[in-house]
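I opened this entry to keep track of what I looked up, beginning with charged pairs and then turning to the nonpolar interior.

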Amino acid sequence: MNPVRQMNISAVHIASGDYDKAIEGLTASLKDLKLFIHEEVASSEATSHDAELEFLRLPNATSSFLDAGKQGKKVLIFQDPIVARWTWGAAEFEELSYISLFNLALAYHLKVVDEGSKAKEHETDRDLLNKAACIYEYAHSVLMNQKFHAPAIHLMAITCNLAHIHCILGNGEKEETCLQHLLSGLMFVVESGRGEQELGNSLDDFLKIVSPIISKTPTAPAA
């Protein structure tokens, strides 16, 4: 199957909560992707296009965020997978790789959260969370070296979800580092006047996520 089509089908699986099918499809997409791109670029009819990256809102969801908190603690995860839309030609290899990596990490992440809501945490969950964190970090590195345009919300989503994973795994320093990076990114986007354009309705939720960091910021002593 065309890996681009497979990626979008896998995004639908994530949105419907069928994480195992999504993981299977995205793993296959990553294996096939390099060959597919090579064949498309080699074709005399193929023309390279940047894909339009869109987040796929989950059915019946009113927000892009899932509250994964326990015992009254509110913890938000960015839960929307990415779909790619374009009419013809081959998108950049890095772009398609990024989509597959982000969605694969998200599938592992949400699978653990979903199973954790039904049963006690076990060692397999930690293994899957560590795998998700590694894939998010790989997706982040692809995004930072991008040759394609992706709105700032993509970096925010990765950083937000990494913070949650480190929180669950007990990596307090790494969690705080992620939240600091998220806060810095939010301040940059907001101060540039592109907050609504880049983040849309997600801005308020991202601000809720970094609120613990903001509350720790020391205030200047009164004169």
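**Charged pairs and core**

I began with lysine 208, which counts as partly exposed at 47% relative accessibility. I noted that the model is a predicted one, and I read every value below with that in mind.

I then looked for the partner of lysine 208 and found that its side chain meets that of aspartate 205 in a salt bridge, at 3.7 Å from N to O. Both residues belong to helix 8, which covers residues 203-216, and they sit three residues apart, about one turn of the helix. Aspartate 205, in contrast to its partly exposed partner, is buried, with a relative accessible area of 14%; the cut-off that matters here is that buried means under 20%.

Next I asked how many salt bridges the structure holds. The count is five, and I went on to look at two others among them.

One joins the side chains of arginine 194 and glutamate 198, with 3.4 Å from N to O. Arginine 194 is partly exposed at 29% relative accessible area, whereas glutamate 198, at 13%, counts as buried.

The other is between aspartate 20 and lysine 111, whose closest N and O atoms are 2.8 Å apart. Aspartate 20 lies in helix 2 (residues 19-42) and lysine 111 in helix 3, so this pair ties together parts of the chain that are 91 residues apart in sequence. I checked the accessibility of both ends: aspartate 20 is partly exposed at 48%, while lysine 111 is buried at 14%. I also recorded that Asp20 and Lys111 are linked with Glu115 in a network of salt bridges.

I reminded myself that side chains of opposite charge can pair when their charged atoms come close.

From the charged pairs I moved to the nonpolar interior and asked which residues have the most contacts inside the largest nonpolar core. They are Tyr98, Phe102, Tyr136 and Phe206, in a core of 58 residues. Helix 3, running over residues 93-116, gives the most to this core, with twelve residues.

I followed Phe206 further and listed what it touches, leaving out residues up to four places away in sequence. The contacts are Phe65, Phe78, Ile153, Met156, Ala157, Cys160, Leu182, Leu186 and Leu199. As general background, I wrote down that nonpolar side chains tend to be buried together in soluble globular proteins.

To close the entry, I noted that helix 3 holds lysine 111 of the aspartate 20 pair and is also the element that gives the most to the largest nonpolar core.

Methods
Residues are numbered from 1 along each chain as its sequence is written. This is a predicted model: local features need pLDDT of at least 70, side-chain atom pairs count only at pLDDT 80 or more; totals for chains, interfaces and linings use all residues. Side-chain values use heavy atoms; hydrogens and water are left out. A nonpolar core is a set of buried Ala, Val, Leu, Ile, Met, Phe, Trp, Tyr and Cys residues joined through side-chain atoms within 4.5 Å. Buried means under 20% relative accessible area, exposed over 50%, partly exposed in between (1.4 Å probe, protein chains only). Helices (H or I, at least four residues) and strands (E, at least two) are DSSP runs, numbered from the N terminus. Contact means heavy atoms within 4.5 Å. A salt bridge is a side-chain nitrogen of Lys or Arg within 4 Å of a carboxyl oxygen of Asp or Glu.
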